[in-house]
Each structure stands twice: as structure tokens, then as C-alpha cells.
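This report walks a new reader through selected parts of one structure, moving from a single side-chain contact to sheets, helices and aromatic rings. Please keep the sequence and the 3D view at hand while reading.

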Amino acid sequence: MLKEKDTKDSLLGPSISQEKQTLHIMQRPTPPEIPWVTTTNFHSLPTPAPSPQLFPPVNAEGFPPSAQEEFSRTVRMGFQNMDNLQRQRLLAELLNSCNTEQLVFVSNYISPRLKRDFLKDLPIELSLHILSFINDPKTLSRASSVSKFWRSLLNDEFTWKNLCVRHHFRRRSSAVPELPPSPTSESPSSRSNKFSYKDHFRRRYIVESNWKHGGRTLVTHISPDIGVVTSLQMCQSYIVVGMDNKKIHIFDVSDGKYIKTLSGHEGGVWALQYIDEVLVSGGCDREVRVWDIDTSKCKHILHGHTSTVRSLKMKDKTIAVSGSRDATLRVWNIEEGRLLHLLAGHQASVRCMEIFGDIVVSGSYDCSARVWDIVTGECLHVLQGHYSQIYSIAFDGEKIVTGSLDSTARVWSRQTGFCLGVLQGHTSLVGQLQLHESILVTGGSDGAIRIWDLDTNRCVQHIAAHDNSVTCLQFDEKRIVSGGNDGHVKLWDIETGDFIREMTSAGNAVWRLAFQETKAVVLLQREGKTVMEVLDFDAQES
């Protein structure tokens with residue numbers, strides 16, 4: 001019966017109970033999937049590729065973009081597909097539609113993007129070449145604050161070397177180390193021992209500023225003796241002062257302190273010179289004395305002149321030449337204390353002389369100058385042309401310049417003895433001369449200073465310097481310092497001839513002056529007393 005019923009049910013379709021059971025099964029929740037287990041007995045079928053689907057665009061947050069974002073995207077893509085002219089037209093139309101606030105926003109947004117470091121975009125060689133045209137160190141200092149790259153460029157040694165050349169900040173040492181090619185080529189430790197043009201420029205710039213605007217009085221000496229200063233020499237170690245009261249005073253050049261006094265002359269000292277520790281002096285007692293500065297001892301007393309020794313020059317520590325009012329010059333071996341040559345020929349007092357190598361030139365009150373070979377004692381040339389006494393002379397080995405009471409200076413050739421030019425302009429005695437390369441500076445009793453270019457024999461600057469005679473002067477590539485009988489010591493710009501300032505308070509008369517890179521010495525009469533002031537312009541101490 002059961003079989004028949006089952007057969008009948010199968011033929012007639014499912015029974016009601018079966019339908020309920022089927023419905024119950026269909027409503028039952030689906031069990032969780034069991035992960036695949038890979039075995040060696042079954043091979044997995046290949047998974048069919050997924051059907052392609054279209055995903056709508058999303059914004060940065062992962063949501064579909066809004067209508068505004070979709071519009072911005074469309075405009076941006078359209079802008080990118082335009083050519084340059086179309087882009088410019090669209091931007092112009094957009095900017096014309098903006099109000100002031102929006103234009104300010106655009107300007108502030110664009111400005112930083114338009115900034116460009118042109119030095120960084122160029123090759124380093126061109127960048128350094130551009131910087132070489134900047135002549136103002138303050139501008140370079142400000143430029144070094146622009147960026148790290150600019151600072152690295154401005155630390156380059158060649159930039160500062162060029163600036164040193166343009167400002168005439170020459171090195172005092174002859175030994176020039178090799179420069180690094182760039183500021184990054186060597187480590188700081190390997191460059192620390194090398195010469196730095198940047199440091200050199202900085203120090204020289206401060207020294208120049210001190211010269212122009214201040215400095216300080218290092219020391220002031222007031223002589224207890226009444227006397228006139230006749231001679232002065234300032235070198236690396238000593239300041240040596242000769243007086244007409246028979247004394248020679250020696251001071252330390254570094255701090256200006258008094259060291260010692262050399263006594264021995266029986267008359268006023270009118271000429272002196274020292275090299276290293278050897279000092280030679282001459283004066284009214286007609287003697288030439290050779291001193292050892294270290295021991296203060298007089299090594300030799302050289303006799304022979306019959307009148308005041310008025311001029312004296314040393315070739316080296318062995319040879320010296322003296323000129324006297326007896327119209328002669330004498331060449332001495334000061335190491336052995338003996339006469340080598342008597343140079344006779346002048347007819348009047350030998351007033352001045354200069355020496356260069358084995359040649360000495362002398363100027364005399366007989367209106368002539370003479371050129372001598374100190375090795376042979378031979379007179380090579382007689383320079384005639386002045387019609388009054390010669391009081392001053394300068395000589396650089398090639399050109400000889402003489403200054404005369406006839407108010408002119410004359411330029412001569414050492415080789416031929418011919419007159420190369422007559423320099424006219426002073427109205428009185430040309431008593432002061434200094435020559436360096438092609439530049440000659442003259443000072444006269446008319447109170448004037450004139451600067452001459454000896455390549456053309458033309459006066460390039462005329463300075464009305466003093467109210468009375470110019471008693472002393474010295475110049476270098478930057479400045480002229482002059483002293484006069486009016487008691488003033490003045491500083492001048494040698495390129496322009498402009499007055500810069502008074503170097504010290506005025507006195508009654510200025511006897512002598514001398515200066516080096518960072519120091520100056522002035523000897524003058526003030527309130528009836530002889531005063532020596534040592535002025536300091538050092539960058540490290542001012």
C-alpha cells in the first residue's frame with residue numbers, strides 16, 4: 001500500500017505535507033560558506049573573469065562628486081585641451097569677471113609661483129661672474145641672507161678676491177696659497193689654515209672705515225726737552241726719532257711705548273736710517289755713527305766729512321751713503337767701519353739723496369742732481385736744468401724726480417740723464433716729493449699738494465691743503481696724509497683729492513709724520529712742546 005501511495009504521489013505531484021516541508025527548507029537561512037580545501041584528489045575549475053562594470057567617479061573622500069565638483073573637473077579638462085592662446089583668452093575673461101577681493105586673492109596666489117632664483121638657474125661660473133660686478137660689500141652682505149645657495153656663492157673666495165682687487169686691498173704677504181675652486185670643494189677643517197680673502201677684506205674694510213671716521217690715539221709722548229724733530233723712520237719694529245738736541249729716541253711700533261735713547265752725537269742729528277737692528281745717523285758734528293739698536297752701543301764712528309751730514313741712506317746692512325754740506329758724498333762699509341768711495345763733483349751742499357740698488361742720486365744747492373754708481377764710485381750723469389737749489393728728490397730705479405726752489409719739479413731718465421718733463425704749477429719751493437709707480441705727489445711751500453700722472457706728466461689733482469708750507473706728506477693707494485707749518489695734519493682721498501678729516505688736534509707746526517696700514521705717527525709742536533702721537537686704526541682693537 002505504501003509503495004502504491006508513493007507511486008501515486010509521485011505521479012500526481014507532491015503532497016501537501018511535502019509542500020510544507022519544501023517551503024520550510026526554502027525559508028531556512030543559508031549556512032556559512034566553507035573555505036575551499038585543496039587536495040591532491042581534486043582539481044579546482046578555473047574561475048570565470050568578472051563581468052565588466054561601470055563605476056561612477058568619486059571625490060577625495062570616496063563619495064560621488066557633487067555637481068560643482070563635476071563642473072570644475074570638466075572645466076579643468078577642457079582648459080588642459082586648449083592651446084596657449086585659447087587659455088590666455090579664457091583667463092582674461094575670468095579675470096575680467098572678478099571683483100577686487102578675488103583679484104587680490106589671485107595676485108597673492110600667483111606671486112610666490114612667479115619668484116625665481118636666477119642665480120640658481122645659471123651655471124655657477126656665470127653666477128659668480130654676476131656677483132663680481134657688485135662693488136658694495138654691504139650689498140653682498142645683505143645678499144648672503146637671501147638663501148642658503150646665495151650664502152654659499154658669497155662665501156666663494158674668488159668673489160672676495162675680486163672685491164679686494166677693486167678696493168685696492170692688497171695682501172701684505174708675498175706668499176699666496178692656492179685658492180679652492182668653490183666653497184663646497186673642501187671640508188672646513190682643510191680650509192681653516194688657508195688664507196681667506198673674505199676675512200682679509202673684512203679686516204681691511206674695517207681698517208679703512210677707522211681711517212675715515214675715527215681710530216684712536218694709542219699713546220701720546222710729550223718731550224721734556226726743547227728741540228726740533230729733524231728725522232723720523234717708522235718700520236715693522238721701531239719708531240726712530242732724530243732731534244736737533246743730539247738725541248735719538250726709539251719707541252716700540254706695536255704699542256708706541258718708549259724704549260730707549262741713543263746718546264753720543266755732539267751736535268744735532270739731521271739724518272738717520274735703520275735696517276733690521278742696524279741704525280746709521282749723521283749730524284752737525286760731521287760724524288756718521290753706526291748703532292746696534294738691541295745693545296744701544298755705537299759700533300763705529302765714521303770720520304771724513306768736514307761739515308754737517310745733511311742726508312743719509314742705506315743700501316743694506318753693509319753699505320750706507322752720506323751727503324754733507326761739504327758738497328761731497330761718501331760711501332761706507334758700515335759693517336767694517338771704513339770708507340769705500342768719496343763722491344766729489346757737486347759745487348754746493350748736498351741737500352737730499354735717494355738710493356735704489358747700486359745707484360744713488362743726489363740733489364744739491366748747486367741746482368744740479370747727479371747719478372752715481374756706488375760700486376765703482378763713478379758719476380754716471382749730471383742732471384742740469386733747474387735754475388735754483390734742489391731741496392727734494394725721489395727715485396724708483398728708472399725715473400728720477402727733483403724738486404727745486406724754482407717752484408718746479410723735473411722728471412729725468414736714469415738711463416740717459418735726459419729731462420723727461422717739467423712739472424709746473426707750484427708757486428714756491430717744491431720741498432716734498434713721493435713717487436710710486438706712475439704716481440707722483442708733491443708738496444710745496446705754497447701750501448698746495450699736487451698729484452701727477454708721470455705717464456703723461458699731467459697734474460690730475462690740485463689740493464689747497466695748508467695755510468702755510470707743506471712740511472711732510474706720505475701717500476699710498478688709498479690716501480694722502482699731510483702736515484704743514486699751520487699745525488694741521490690732514491687726511492685726503494688720493495683718487496678724488498677730497499678732504500676727509502683732521503687726523504689730530506692742531507698744533508703750532510708739524511715736524512714729521514709716517515704711517516703704515518694700521519698705525520700713524522705724528523710729531524708736532526703744541527703749546528711750545530714737542531709732542532709725538534701714535535694713532536691706531538687696527539680692526540681688532542678699535
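A polar contact of 2.8 Å joins the side chains of Thr408 and Asp406, and, as everywhere in this report, the value comes from a predicted model. Thr408 lies in the loop that runs between β19 (399-404) and β20 (409-413). Is this loop residue buried or exposed? With a relative accessible area of 6%, Thr408 is buried, and when residues up to four places away in sequence are left out, Thr408 still touches His386, Thr402, Gly403, Val422, Leu423, Gln424 and Val430.

**Two open sheets**

One open sheet consists of 4 strands in the order β14-β15-β16-β17, and its pairing is antiparallel. Because β14 (350-356) and β17 (378-384) stand at the edges and have a single partner strand each, one side of each is left without a neighbour in the sheet. Direction ignored, neighbouring strands of this sheet are turned by 20° against each other on average. Strand β16 (residues 368-373) is joined to β17 by 6 bridges, and the two run antiparallel; within this pairing, Ala369 has Leu383 in β17 as its bridge partner.

Another open sheet of 4 strands follows the order β26-β27-β28-β29, again with antiparallel pairing. Here β26 (470-475) and β29 (499-502) take the edge positions with a single partner strand each, so one side of each is left without a neighbour in the sheet. From one strand to the next, the twist of this sheet averages 20°. Between β26 and strand β27 (residues 479-484) there are 5 bridges in the antiparallel sense, and Phe475 has Ile480 in β27 as its bridge partner. Helix α12 lies across β27, β28 (489-493) and β29, and runs at about 70° to β29.

The strand pairs with a bridge count described in this report, including one hairpin, are set side by side here.

| Strand pair | Bridges | Sense |
|---|---|---|
| β16 and β17 | 6 bridges | antiparallel |
| β26 and β27 | 5 bridges | antiparallel |
| β10 and β11 | 5 bridges | antiparallel |

**The hairpin of β10 and β11**

A hairpin leads from β10 to β11 through 4 residues. In strand β10 (residues 309-314), 5 of the 6 residues are buried, so this strand is largely enclosed by the rest of the structure. Its partner β11 covers residues 319-324, and Ala320 in β11 stands opposite Met314.

**Helices and their buried sides**

In helix α10 (residues 157-166), the residues Glu157, Thr159, Trp160, Leu163 and Cys164 are buried. Why do they lie on the same side of α10? They do so because they cover an arc of only 160° around the axis. The buried residues of α10 pack against α7 (124-131), α8 (137-143), α9 (148-154) and α12 (197-213). Just after α10, His168 takes a positive phi of about 60°.

Of these packing partners, α7 has its own buried residues, namely Ser127, Leu128 and Leu131. Their arc around the axis is only 95°, which puts them on the same side of α7.

Helix α12, which lies across β27, β28 and β29, also contains Arg203. Arg203 is partly exposed, with a relative accessible area of 26%. A polar contact of 3.0 Å joins the side chains of Arg203 and Asp538, although these residues are 335 residues apart in sequence; in space they are 8.4 Å apart, C-alpha to C-alpha.

**Aromatic pairs**

How many aromatic pairs does the structure hold? There are 8 aromatic pairs in the structure. Tyr238 and Tyr274 form an edge-to-face pair, with 6.0 Å from centre to centre and 65° between the planes. Since Tyr238 lies in strand β3 (residues 238-243) and Tyr274 in strand β6 (residues 269-275), the pair ties together parts that are 36 residues apart in sequence. Tyr238 counts as buried at 12% relative accessibility, and Tyr274 counts as buried at 5%. Elsewhere, Trp211, Phe515 and Phe537 form one aromatic cluster.

How values were computed:
Residues are numbered from 1 along each chain as its sequence is written. This is a predicted model: local features need pLDDT of at least 70, side-chain atom pairs count only at pLDDT 80 or more; totals for chains, interfaces and linings use all residues. Side-chain values use heavy atoms; hydrogens and water are left out. Two strands pair if DSSP finds at least two bridges between them. Axes are lines fitted to C-alpha atoms, for helices over the stretch in contact, and angles run from 0 to 180 degrees between N-to-C directions. Buried means under 20% relative accessible area, exposed over 50%, partly exposed in between (1.4 Å probe, protein chains only). The arc is that of the directions from the helix axis to the C-beta atoms. Contact means heavy atoms within 4.5 Å. A polar contact is a pair of N or O atoms within 3.5 Å; within protein, one must be able to donate a hydrogen and the other to accept it, and residues adjacent in sequence count only if both atoms are side-chain atoms. Rings of Phe, Tyr and Trp (its six-membered ring) pair if their centres lie within 6.5 Å; planes under 30 degrees apart count as stacked, over 60 as edge-to-face and the rest as tilted.
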